[in-house]
Amino acid sequence: LVVDGKIAAVGHNLTAPDDAHVVDASGGILMPGMIDTHRHMWQSVMRGYGADWTLAQYAVWYFFNHGIKFRPQDIAAGNAVSAIDALESGVTASVDWSHGLQSIDHAEAARDALIDSPGRFVLAYGNAWAPPAVWTADPAIQAFLAESRDDSALYGTMLAFDVMNKDTEFPELAAFEVAHDLGLSVTTHAGVWGGIEDQSIDNMYAAGVMRPGHTYVHAATLSDSSYQKIAATGGTVSLSTESESTCGQGYPPIHHVYRHGIGASLSIDSSAWFSSDMFSAMRSTVNAARAHEHLVAHQNGESVSNVSFRVKDAVALATRDGAKALGKFDEIGSLEVGKLADVVLVKNDQSPTFASILNPYGHLVFQACRGDVHTV
């Protein structure tokens, strides 16, 4: 039972007002709205364009070809398309990892598109064409960030930038200091083969800027020491399993993340390249985790008799764990009284796949798809 945008009751035979709008959920699965902690929403206007890319080809497209030519209205169009794309597939909250904001005009276009779209959005402000220490020092950008931070129409504001391997140099420190002064968390790509690896984590840790609420995207090629530093400082890892499997950042690190007790969530990355729905993200994550488990066992001359990564774990990553990563678990991520009514009904009376549901978690991960999202 939902009243005024919040869950008022959960259970059987609930008493509802006479004028309540009733949705028939019989034969379906009711679940919390899914949460995406890393989506380059502005790139959605070129959905599917780079299906056969490598990471190097993406970089050429992004830095030198199309990405740099995006106008503010192109950013707005991408965000609007991506917002509908997310909500239609049961994703009710997304972090817009917006690293194409070359000017305040671009930033305002991105923010306005998010505010005008249905769903909950965290604007993660970034500009990959300028050093983080430079653009975060701009008084106009700092004013924009403060305004966005205080705008209740957004679900949050973050800073989005990367820390490159530069021996012991750490020019990004100034950007972290701006984030701290503004009370904003940072989301950063980490553990990316050949460019953003252990030295980046070492520099952040030595400077004391790794804090709870910071997100490390991919985290696929890190040492045990780096994972320990993320765990010890309360950071979380955003797993973009399709991306890690396809791009070459490194093997999807779900096994490392769980072994070190690091909080994790799922994300889409870019629909210019990959699927843009959490069903695909859950499925690919289960497959990657189990493939690794079997491979290690086979290398030791053993067989796995009971898989450790379960489908229920994947659904948790897509819902409650995403809410925890955003610091919003008191509001979203589960179907509990008092929480915001981010509710998704997965049901398809026209599909033989829904003729019977024996294992709801397994059904969501391996049988359902975005086309089965009935009501959000």
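A pocket, as the word is used here, is an open set of grid points with protein on both sides within 12 Å along at least five of seven lines, and its volume is the space filled by probe spheres set on those points. The structure is a predicted model.

With that in hand, the second largest pocket holds about 720 Å³ of space. Its lining is made up of 36 residues, and the ones closest to the centre are Phe63, Asp162, Met164, His189 and Ile196. Three elements each put two or more residues into this lining: helix 1 (55-65), helix 4 (132-135) and helix 9 (241-247). Helix 1 is the top contributor here, giving six residues. Sorted by class, the lining of the second largest pocket comes out as 22 nonpolar, 10 polar and four charged residues.

Now for the largest pocket, which has a volume of about 990 Å³. A total of 31 residues line this one, with Leu1, Val2, Val23, Leu30 and Val343 sitting closest to the centre. Strands turn up in this lining: strand 1 (2-3) and strand 12 (343-346) supply at least two residues apiece. Of these, strand 12 provides the largest share of the lining, at three residues. As for chemistry, the lining of the largest pocket breaks down into 22 nonpolar, six polar and three charged residues.

Conventions. Residues are numbered from 1 along each chain as its sequence is written. This is a predicted model: local features need pLDDT of at least 70, side-chain atom pairs count only at pLDDT 80 or more; totals for chains, interfaces and linings use all residues. Side-chain values use heavy atoms; hydrogens and water are left out. On a 1 Å grid over the protein atoms alone, a cavity is a set of points where a 1.4 Å probe fits but cannot get out, and a pocket is an open set with protein on both sides within 12 Å along at least five of seven lines; lining residues have an atom within 4 Å of a point. Helices (H or I, at least four residues) and strands (E, at least two) are DSSP runs, numbered from the N terminus. Ala, Val, Leu, Ile, Met, Phe, Trp, Tyr, Cys and Pro count as nonpolar, Asp, Glu, Lys and Arg as charged, and the others, Gly among them, as polar.
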